[in-house]
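Hi,

Here is the structure I said I would pass on. Have a look at it first, and then read my notes underneath.

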Amino acid sequence: TCGIFPVPITPTIMCAFADVALRYSGRPLSTVAAQMANLLAAPLQILLAVPFLHLGEKIFGDHKTPLSPLKFFMLLKSNPWHLQRIIFHAALGWALCAPVVFWGIYAVSHRYLPDKRRIGPSASTR
């Protein structure tokens, strides 16, 4: 879920922190695999940025941000601080959806992917 955070550059940093945290917790993860997953999630990041933004705006009852490039840049030119609000709304939308997505991925992978501890010869065949 770190790879779909709607603010550019941030997913790369978040994946690096997750990699370091997992390494110190005794469950090491390949740095290459973590960053590869981050890059593979980039299209989802782009696709989900607008829905996350609209979800955050709906929660706060704000008006929808114009999505046409001309209107968007005119809005930012008239009020540069609006970009900070846009980022906050998108991050809030992500924060509400990320736990659901995380636990969904965990449940599916835990059920259908093999557990490394159970792979190998069983105790009864020795």
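Below is what turned up, going from a helix contact to the spaces and then the aromatic rings.

Before anything else, keep in mind that this is a predicted model.

Let's start with helix 3 and helix 5. Helix 3 covers residues 42-60 and helix 5 covers residues 82-112, and their axes come within 7 Å. The crossing angle is roughly 95°, and angles of 65 to 115 degrees count as roughly perpendicular, so that is the right description for helix 3 and helix 5.

Who touches whom? On the helix 3 side you'll find Ala49, Phe52, Leu53, Leu55, Gly56, Glu57, Ile59 and Phe60. Facing them from helix 5 are Ile86, Phe88, His89, Ala90, Leu92, Gly93, Trp94, Leu96 and Cys97. By class, this contact has 13 nonpolar residues, 3 polar ones and 1 charged.

Some of those residues come back when you look at the empty spaces. How many cavities of 30 Å³ or more does a search of the whole structure find? The count is 1. The largest cavity holds about 40 Å³ of space, and its lining is made of Glu57, Asp62, His63, Thr65, His82, Arg85, Ile86 and His89. Helix 5 gives the largest share of that lining, with 4 residues. The classes here are 1 nonpolar, 4 polar and 3 charged.

Next, the second largest pocket, with about 400 Å³ of space. It is lined by 18 residues, and Pro6, Ala49, Val50, Leu53 and Ile86 are the closest to its centre. Two or more lining residues come from each of helix 3, helix 4 (69-78) and helix 5, and helix 3 has the largest share, at 5 residues. What is the make-up of this pocket's lining by class? It has 16 nonpolar and 2 polar residues, with no charged ones.

Last, the aromatic rings. The whole structure has 4 aromatic pairs. One of them is Phe5 with Trp94: the ring centres are 4.7 Å apart and the planes sit at 85°, so this pair is edge-to-face. Phe5 and Trp94 are 89 residues apart, so to find them, look for Phe5 in the segment before helix 1 (10-24) and for Trp94 in helix 5. Trp94 is also one of the helix 5 residues that meet helix 3.

Have fun looking around!

Methods:
Residues are numbered from 1 along each chain as its sequence is written. This is a predicted model: local features need pLDDT of at least 70, side-chain atom pairs count only at pLDDT 80 or more; totals for chains, interfaces and linings use all residues. Side-chain values use heavy atoms; hydrogens and water are left out. Axes are lines fitted to C-alpha atoms, for helices over the stretch in contact, and angles run from 0 to 180 degrees between N-to-C directions. Angles under 35 degrees count as roughly parallel, over 145 as roughly antiparallel, 65 to 115 as roughly perpendicular and the rest as oblique. Contact means heavy atoms within 4.5 Å. Ala, Val, Leu, Ile, Met, Phe, Trp, Tyr, Cys and Pro count as nonpolar, Asp, Glu, Lys and Arg as charged, and the others, Gly among them, as polar. On a 1 Å grid over the protein atoms alone, a cavity is a set of points where a 1.4 Å probe fits but cannot get out, and a pocket is an open set with protein on both sides within 12 Å along at least five of seven lines; lining residues have an atom within 4 Å of a point. Grid points are joined across faces, edges and corners, and a volume is the space filled by probe spheres set on the points. Rings of Phe, Tyr and Trp (its six-membered ring) pair if their centres lie within 6.5 Å; planes under 30 degrees apart count as stacked, over 60 as edge-to-face and the rest as tilted.
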